[in-house]
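Q: I'm new to this structure and would like a close look at one part of it. Could you walk me through the main nonpolar core and the helices packed around it?

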Amino acid sequence: MASDPRRRKPVLLAPTHEDAMDEDEDELFGDSSNAPESSASATAMPEPVTKTLISQILTPSPFPHHTSGPTSSRFRNAYNRIVTNPTTEVEAWQALMTEVTNCYRQIQSKIHVMDAEIQLQLDWIESLLRQRQANAQAKLEYLLQTYLGIEMDGSPTGKLGMATHSVDLWLIYVDVRSRQARREHFGEEALIRDWATKAYELALEYAGFGFQNHVLWKAYLQYVKMSTSGDPQHMVLLRGVYQRLVCHPMTGLDQLWQEYEMFERQQSEALAQALLGEFTPKYQHARTVYLERNRVFIVAEEHSCLTLWKTRTAYERTNPERLSTADLAVRIRSCYK
């Protein structure tokens, strides 16, 4: 088959070991009631970042109806909006994704035909899909850096994150770092585990003691269990996670303590007696603190009130009454009081 001079390999911003972003990434902060309070300046990506996301879509489009005909203007309008601002033009991206779906259906029955034109059209579709994935990945990483106050490698940004103690965000961070490790170190299982372990440890440092900390600890415990083999070092790591989490006040502590007891007795009865004797007072103290804390205040209700307050302040920042700049500032300050 003769090569088409117009055809060139798509420039991909994202590695290809993973086919798509997870749904939780696409829906991050989609519901304002669960999102940390933010403003346009907090979620808008800086210019150096957006410049790296300027479209890498193959041009011109190999589909004739994109350059002439009654629907060409709609395609060009959506494409130009995305080139101008690839990170916030949601409606334009939706229109372009719909067009990609329609284009693929047009050539679906011919994709195995050895034809240069069909292959060029497939390359165009792939380049656009990959660009969409790259934009979503970069946007997600920027949001995590903003709200957690850390770089993706775990180093602090120098600015306090607005949701540093959010377990939900830290779990997303762990997932992102794990996927990055699998893309950048494909097949190197030891290095992938090291990246994931460091991500979990960083999350526990900031959110291992707050509201819903049991969710984070259980996720880490489950991860270590899944990656534990007969290697003695892995068993030592699992024992260490058990011994740390039973010392923290959290929901479900009694069940976790029972799991830890069973784990130690399965390893060695003699060693179990010594270790359980050492950690029983620590577990009992954590359990006492948990019960006392619940008598002083109900953590879930406090978190619910905080969420409602954030929702209210976020709504007022949209200026629903169309106040002047000075009046809006006064209104927002009153919400914080």
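A: Here is a walk from the whole chain down to that core and one helix pair in it. Keep in mind that this is a predicted model.

Let's start with the overall picture. The chain has 14 helices and 0 strands, and 39% of its 337 residues count as buried. Among contacts with a separation of 6 or more, 63% are between residues 24 or more positions apart.

Now for the core itself. The largest nonpolar core has 43 residues, and the ones touching the most other members are Leu144, Trp170, Tyr173, Leu245 and Tyr260. Helices that each supply at least two residues to this core are α6 (116-148), α7 (167-184), α8 (189-207), α9 (213-227), α10 (232-245), α11 (253-267) and α12 (269-296). The most comes from α7, which gives 7 residues. There's also another core lying apart from this one, with 17 residues, including Phe63, Phe75, Ile118 and Trp124.

Since α7 came up, let's stay with it briefly. This helix is mostly covered, with 13 of its 18 residues buried. Its length checks out too: at 1.5 Å a residue, 18 residues should span 26 Å, and the end C-alpha atoms of α7 are 26 Å apart, so the two agree.

Next, look at the pairing of α11 with α12. Their axes are 9 Å apart and the packing angle is about 170°. Since an angle over 145 degrees counts as roughly antiparallel, that is what α11 is with respect to α12. On the α11 side, the contact uses Leu253, Asp254, Trp257, Tyr260, Glu261, Glu264 and Arg265. From α12 come Glu269, Ala272, Leu275, Leu276, Phe279, Thr280, Tyr283, Ala286 and Arg287. By type, the residues of this contact are 9 nonpolar, 1 polar and 6 charged.

Tyr260 is a handy place to zoom in. Setting aside neighbours within four places in sequence, Tyr260 is in contact with Tyr242, Gln243, Val246, Leu275, Leu276 and Phe279.

One of those partners, Gln243, sits in helix α10. Gln243 counts as buried because its relative accessibility is 15%, and the cut-off for buried is under 20%. Again leaving out neighbours within four places, Gln243 is in contact with Tyr260, Glu264, Leu275 and Phe279. Gln243 and Phe279 are 36 residues apart along the chain, yet their C-alpha atoms are separated by 7.3 Å.

Technical notes. Residues are numbered from 1 along each chain as its sequence is written. This is a predicted model: local features need pLDDT of at least 70, side-chain atom pairs count only at pLDDT 80 or more; totals for chains, interfaces and linings use all residues. Side-chain values use heavy atoms; hydrogens and water are left out. A nonpolar core is a set of buried Ala, Val, Leu, Ile, Met, Phe, Trp, Tyr and Cys residues joined through side-chain atoms within 4.5 Å. Buried means under 20% relative accessible area, exposed over 50%, partly exposed in between (1.4 Å probe, protein chains only). Helices (H or I, at least four residues) and strands (E, at least two) are DSSP runs, numbered from the N terminus. Contact means heavy atoms within 4.5 Å. The expected span of a helix is 1.5 Å times one less than its number of residues. Axes are lines fitted to C-alpha atoms, for helices over the stretch in contact, and angles run from 0 to 180 degrees between N-to-C directions. Angles under 35 degrees count as roughly parallel, over 145 as roughly antiparallel, 65 to 115 as roughly perpendicular and the rest as oblique. Ala, Val, Leu, Ile, Met, Phe, Trp, Tyr, Cys and Pro count as nonpolar, Asp, Glu, Lys and Arg as charged, and the others, Gly among them, as polar.
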